[in-house]
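Work through the exercises below with the sequence and the coordinates at hand. Each task is followed by a solution in steps.

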Amino acid sequence: MNLDVNEDSVPHFAREVLKNFSKINSLHIQLPPSHGDGLGSPNSTDSLLKWKAEFGRELKSCVLLGEAMSFYKISSIHEDEHHKISHDESNLTGDELKLRTAWMISCLFAASTRHCLLKQIISNSTDHPMLRSVVIGDASKQGRVCMGEEQLEELRACVNSSMEIRTRFPALWVKLWYVSVLELPDSGHVMPRATRIIVRPAPADPSLEMETDSDGDFLEAVFHGEEEEEAFNEAMREMVKDIKPYIIGINSF
């Protein structure tokens, strides 16, 4: 079932509209571009941000891909200029790191608001028992919250009817990769100031994080659809090649 939702009708939609349907197996909700972006969107004509978050009872993972300038075809720049910028240093300044942290926090707030919307939809354990898959996206295709059958069962086991504004986050581990100029040979694009971020709950024993942590699950297709999004998937794969990530710990909030 696919539904486009007007921003003003979101609360009513969550509580009332879907009560008329008892055999929904798959649900895809499309929100207005601004809904849930509590800190504002970094997207503009000269920047880009894409994200995907997975939840159960709480956050499982969030993957972000961002760039400070629009990406372009390799053929659209002069060869000498391309050779020059390809050797820029791939280190972030303090202000650049703060900007990317703000991107991440903004996406997490948007994701948690959408997770709470889903809690409202299934707050009664008898509502939508056949529901096996949910995607909550937005009209601008900036971000998606995704949940499968196992994650929905986990959420049903703990959900209540309280009307939270957003889902709280546990302590988090963040990995951030940055490349000043990222070449994408398969799609023929270049992404200036490309950033890849993976957010996951921190392990109970932080000393085990680097030994047990694997990013292989995030090298599969994260974004789906248009040709442009295939370039984003290629960027996700290329970012981990020979690039050491920044590691950041965040307290629960």
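Burial is judged by relative accessible area: under 20% is buried, over 50% exposed, and anything in between partly exposed (1.4 Å probe, protein chains only). The model is predicted, so local features need pLDDT of at least 70 and side-chain atom pairs count only at pLDDT 80 or more, while totals for chains, interfaces and linings use all residues. Residues are numbered from 1 along each chain as its sequence is written, and side-chain values use heavy atoms, with hydrogens and water left out.

**Exercise 1. Describe the chain as a whole.**

Step 1. Count the elements, taking helices (H or I, at least four residues) and strands (E, at least two) as DSSP runs numbered from the N terminus. The chain has 6 helices and 10 strands.

Step 2. Look at burial. Of 253 residues, 46% are buried.

Step 3. Look at contacts, that is, heavy atoms within 4.5 Å. Among contacts with a separation of 6 or more, 75% are between residues 24 or more positions apart.

Step 4. Take the accessible surface (Shrake-Rupley method, 1.4 Å probe; for residues, only the protein chains shown count as cover). The total is about 12900 Å², and carbon and sulfur atoms hold 50% of it.

**Exercise 2. Decide where the model can be read in detail.**

Step 1. Use pLDDT, the predictor's confidence in each residue, from 0 to 100. The chain mean is 77, and 67% of the residues reach at least 70.

Step 2. Compare elements. The lowest mean pLDDT, 44, belongs to helix α2 (residues 79-85), and the highest, 94, to strand β7 (residues 143-147).

Step 3. Find the weak stretches. Residues 36-45 stay under 50 and have 18 contacts beyond four places in sequence. Residues 78-88 are also below 50, with 11 contacts beyond near neighbours in sequence.

Step 4. Draw the consequence. Where pLDDT is low, the predicted coordinates should not be read in detail.

**Exercise 3. Which salt bridges involve glutamates 149, 153 and 154?**

Step 1. Apply the rule: a side-chain nitrogen of Lys or Arg within 4 Å of a carboxyl oxygen of Asp or Glu. The count is 6 salt bridges.

Step 2. Glutamate 154 pairs with lysine 60, with the closest N and O atoms 3.0 Å apart. Glutamate 154 is in helix α4 (residues 149-156) and lysine 60 in strand β4 (residues 59-67), so to speak distant parts of the chain, 94 residues apart. Glutamate 154 is partly exposed at 29%, and lysine 60 is partly exposed at 33%.

Step 3. Glutamate 149 pairs with arginine 132 at 3.2 Å, N to O. Here helix α4 is linked to the loop between α3 (94-121) and β6 (133-138), over 17 residues of separation. Glutamate 149 is partly exposed at 44%, as is arginine 132 at 28%.

Step 4. Glutamate 153 pairs with arginine 156 at 2.9 Å between the closest N and O atoms. Both lie in helix α4, 3 residues apart, which means a separation of about one helical turn. Glutamate 153 is partly exposed at 41%, whereas arginine 156 is buried at 14%.

**Exercise 4. Place valine 135 in its surroundings.**

Step 1. Valine 135 belongs to strand β6 and is buried, with a relative accessible area of 17%.

Step 2. Leaving aside neighbours within four places in sequence, valine 135 touches Leu27, His28, Ile29, Arg144, Val145 and Cys146.

Step 3. Take leucine 27 from that list. Its C-alpha is 6.4 Å from that of valine 135, across 108 residues of sequence.

**Exercise 5. Analyse the aromatic rings.**

Step 1. Rings of Phe, Tyr and Trp (its six-membered ring) pair if their centres lie within 6.5 Å; planes under 30 degrees apart are stacked, over 60 edge-to-face, and the rest tilted. The count is 3 aromatic pairs.

Step 2. Phenylalanine 55 and phenylalanine 169 form a tilted pair, 6.4 Å centre to centre with 45° between the planes. Phenylalanine 55 lies in strand β3 (residues 48-55) and phenylalanine 169 in the loop between α4 and β8 (172-184), so the pair ties together parts 114 residues apart in sequence. Both residues are buried.

Step 3. Ring pairs join Phe55, Phe109, Phe169 and Phe253 in a cluster.

**Exercise 6. What is the sign of phi at arginine 193?**

Step 1. Phi of arginine 193 is positive, about 55°, although the residue is not a glycine.

Step 2. Arginine 193 lies in strand β9 (residues 189-201) and is partly exposed at 37% relative accessibility.
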